[in-house]
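These are my notebook entries on a predicted model. I looked up single residues, a metal site, a chain interface and salt bridges, in that order.

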Amino acid sequence: MATDPTKLSMAQALNRALRDAMAEDGSVYVFGEDVGPLGGVFRITDGLTAEFGENRCFDTPLAESGIVGMAVGMAMNGMRPVVEMQFDAFAYPAFEQIVSHVAKTRNRTRGRVGLPIVIRVPYAGGIGGVEHHCDSSEAYYAHTPGLTVVTPSTPHDAYHLLRESIASDDPVVFMEPKKLYWGKDEVDPASPAPGIGRAVVRRPGTDATLIAYGPAVSTALEAADAAAQEGRSLQVVDVRSLVPFDDETVCEAVRSTGRAVVVAEASGYASVASEIVARVTERCFHSLAAPVRRVTGFDIPFPPPKLERFQLPGVDRVLDAVDDLQWEDQ
Amino acid sequence: MADAQDLLPSEQPVRLLDETGRPVAGAALPFPTADRLLAAYASLVVGRRVNDQAGALVRQGRLAVYPSSHGQEACQTGAALALAEGDWLFPTYRDTAAVVARGVDPVEVLTLLKGDWHAGYDPYEHRVAPQATPLATQLLHAVGLAHAARLRGEDTVAMAMCGDGATSEGDFHEALNFAAVFKAPVVFFVQNNEYAISVPLARQSAAPSLAHKGVGYGVNAERVDGNDTPAVLAVLDRAVAAARAGEGPQLVEAHTYRMQAHTNADDATRYRSDEEVGPWVARDPLLRMEAYLKRKRLLTKARRTEFAERAEAVAAAMREGVSRDAEPDPSELFAHVFSTPTPQLREQAAFLADELSREGS
Ligand SMILES: Cc1ncc(C[n+]2csc(CCOP(=O)(O)OP(=O)(O)O)c2C)c(N)n1
Ligand SMILES: [Mg+2]
């Protein structure tokens, strides 16, 4: 296992994490649709069958409930399954298994049966995908007690969050922002990222805080760059762990600036973004100079490729929301 | 690729006893040994007593609800007795008698229906999965567990139970298909009791029989008279042996009848007549088995008394255990959601504890 820092895409970092986890722990099994010889439609499992054999990384019949249900049984029997849902919207057939069994089994059995399963879900838009390939489905999982839900925004985080998810004794829904799969950045396997449950400040700033996760983090960082040109200093917090949520880091950041905008791709109604606004408002009310704003997708089914740019929260919308944070009251 | 003909079930359900308890001529399978038949009879008696006692506890308000397997005890017994110690049972809400036959403490089994917690027993202790309520979902767990065992070179077999209605659920089909593709050592055991709550079998399936569904997946299937205890045992024994020998998954459909309403909360008179139920009373699996054993002079008076006493002791333990008034601990609500409670759950646990302490003061 090489440990030198290298430049990797997020896809390569995830692949590396799977490979390292499988090499280290013989109870880690990878399966799903096209994950074997093909290496997955996004190549995240590339080379794993060749390296570890077709018992350790294998293709299943096309049935998502079957994949997750089988993972439940394997986990009951001492294994650590890592399963791939080919795309966000194709995980829905597995919803009953995820909600009624993956999430609840530890609790139902009074802690006697834990299910160390990782369900990898490539999600969200920004890649010009046709319908059913671009859903931001994180709220369904985040709303379900018993599931840990994480989403990386950098290759380094992708590597370490996935390693930690596989090592976790609890089931993890691992949401992979598709549009960030190909961007390269430094990955150092030897220097762990902050753990599950921790948010991080990606960019310091003093005037307002942008709170984002997954695919929206890059948008927030771009918006902060643009704002800096105009002399406004925006802090960017990457939530990373939707469940458990890091109230401490997020609230400390918001208190330091007194203004906040939550940026997320998913439709805003009853969303993770709404939850973040509520939590921040409940905890930081007296530090806030303006109501916390949301920049999210509209409450519409994800648009066709030629219209998706109207749905995705872009830099301008973020900057407009920042402009709306009642600066004149200062 | 298996020959389709070889996978199809017999023309008629396998029978070893006729309705009066006499051995049928030219039976397809040999009788189980006398010892095994006596053990099965003992388990039938306990199963019936468990069903009746649980029904009584519901009427007394001690249990919230009970889905009875009254009339299906031959299937309940067969499922448990066909397994070796290292095997696994995946039961449904209706399979309490099978879970008890497997050795689980009936009081722990009733935790769910008493309302103290969800699954009350340790699945690893007797290798019995929690009783599944979401229909057919547990069948996939059986496939995964069996596949994992096979990957490790163990000869574990998983017995996955479900009802006739559950065979319409997607997970039933995915489970059979996955099991066949991975050659997982699973015995799918369908108790066809003719009803899914109010809906009769004809509304679930237009197939010649539920066992015929096996062939579409390459799964070997058989059908059996589900009220004929020796036949159920013989067919399940053979299926378990085949699964263990690496011949892949097996599907067994038992033809039986749900003698009581779906649960105590259901009113069966709204969808079926007494005339329909009547003939099934005479097909009672206990009566049939008793008639056979008596004729064979295997069932002495002393044995009958012994079995009845054993069943009575189980019923007494159920009554005693269910009336123990230890209240479930609300702080446990937060303890098992994750391996370590999240900061948010710790906050919520503290909130509830505070609320309770103010209530108490
Ligand atoms: C997925 C799902 N849908 C609906 C129900 C509600 N339900 C509980 S039992 C039942 C009937 C099941 O019939 P069958 O499979 O024949 O089993 P039986 O109750 O006859 O043993 C239904 C509809 C459920 N438990 N799970
Ligand atoms: Mg039924």
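**Entry 1. Asn227(B)**

I asked whether Asn227(B) is buried or exposed. Its relative accessible area is 3%, so I record Asn227(B) as buried, the limit for that class being under 20%. I then located Asn227(B) in the loop of chain B that runs between strand S6 (220-225) and helix H10 (229-244).

Next I looked for a polar partner of the side chain. A polar atom of the Asn227(B) side chain lies 3.1 Å from the backbone oxygen of Arg283(B). Beyond four places in sequence, I listed the contacts of Asn227(B) as Gly71(B), Ala74(B), His255(B), Thr256(B), Trp280(B), Arg283(B), Pro285(B) and Arg288(B). Arg283(B) therefore appears in this contact list as well as in the polar pair.

**Entry 2. Cys75(B)**

I placed Cys75(B) in helix H3 of chain B, which covers residues 73-81. Its relative accessibility is 0%, and I note Cys75(B) as buried. With residues up to four places away in sequence set aside, Cys75(B) touches Phe189(B), Gln191(B), Gly226(B), Val232(B), Ala254(B) and Thr256(B). Thr256(B) is listed here as a contact of Cys75(B), and it is also among the contacts of Asn227(B).

I also took one distance from this residue. Between Cys75(B) and Ser273(B) the separation is 198 residues in sequence and 24 Å in space, C-alpha to C-alpha.

**Entry 3. Magnesium ion (ligand 2)**

Which protein atoms are the donors of the magnesium ion (ligand 2)? I found Asp164(B) through OD, Asn193(B) through OD1 and Tyr195(B) through its O atom, lying 2.0 to 2.1 Å from the ion. The spacing of these donor residues in sequence reads D-x28-N-x1-Y. I checked the accessibility of two of them: Asn193(B) and Tyr195(B) are both buried.

**Entry 4. Interface of chain B and chain A**

I turned to the two chains together. On the chain B side 45 residues are in contact with 44 residues of chain A. The area buried between the chains is about 3600 Å², and 59% of it is on carbon and sulfur atoms. Of the area that chain B buries against chain A, 16% comes from His141(B), Phe178(B) and Phe338(B), more than from any other three residues.

How many salt bridges cross the interface of chain B and chain A? I recorded 2. I also noted that Glu332(B) and Arg110(A) meet in a salt bridge through their side chains, at 2.8 Å from N to O. For polar contacts I recorded 20 residue pairs between chain B and chain A.

I then sorted the chain B side by element. Strand S1 (88-90), helix H7 (123-126), helix H8 (137-151), helix H9 (170-182) and helix H14 (343-360) of chain B each supply at least two residues to the side that touches chain A. H8(B) gives the most, with 10 residues. By class, this side of chain B has 24 nonpolar, 14 polar and 7 charged residues.

**Entry 5. Salt bridges**

The structure holds 40 salt bridges over all chains. I looked at several of them.

Asp20(A) pairs with Arg16(A), and their closest N and O atoms are 3.7 Å apart. Both residues sit in helix H1 (residues 10-24) of chain A; they are 4 residues apart and so are separated by about one helical turn. Asp20(A) is buried at 5% relative accessibility, and Arg16(A) is buried with a relative accessible area of 15%.

Asp169(A) and Arg80(A) form a salt bridge at 2.7 Å, N to O. This pair links distant parts of the chain, 89 residues apart: Asp169(A) is in the loop between helix H7 (155-167) and strand S7 (172-177) of chain A, and Arg80(A) is in strand S4 (residues 80-84) of chain A. Asp169(A) is partly exposed at 39% relative accessible area, whereas Arg80(A) counts as buried at 17%.

In chain B, I found Arg319(B) in a salt bridge with Glu312(B), with 3.8 Å between the closest N and O atoms. Arg319(B) is partly exposed, with a relative accessible area of 33%. Glu312(B) is partly exposed too, at 34%.

My last entry concerns a network of salt bridges, which links Asp247(A), Glu275(A), Arg279(A), Glu282(A), Arg283(A) and Glu347(B).

Definitions and conventions. Residues numbered from 1 in each chain as written. Chains lettered and ligands numbered in written order. Predicted model: local features only at pLDDT ≥ 70, side-chain atom pairs only at ≥ 80, totals over all residues. Heavy atoms only, no water. Salt bridge = Lys/Arg side-chain N within 4 Å of Asp/Glu carboxyl O. Buried < 20%, exposed > 50% of the residue type's maximum accessible area, 1.4 Å probe, protein only. Donors = N, O, S within 2.8 Å, 3.2 Å for Na, K, Ca; no water. Contact = heavy atoms within 4.5 Å. Buried area = accessible area lost by both parts, 1.4 Å probe. Polar contact = N/O pair within 3.5 Å; in protein donor to acceptor, adjacent residues only side chain to side chain. Nonpolar A, V, L, I, M, F, W, Y, C, P; charged D, E, K, R; others polar.
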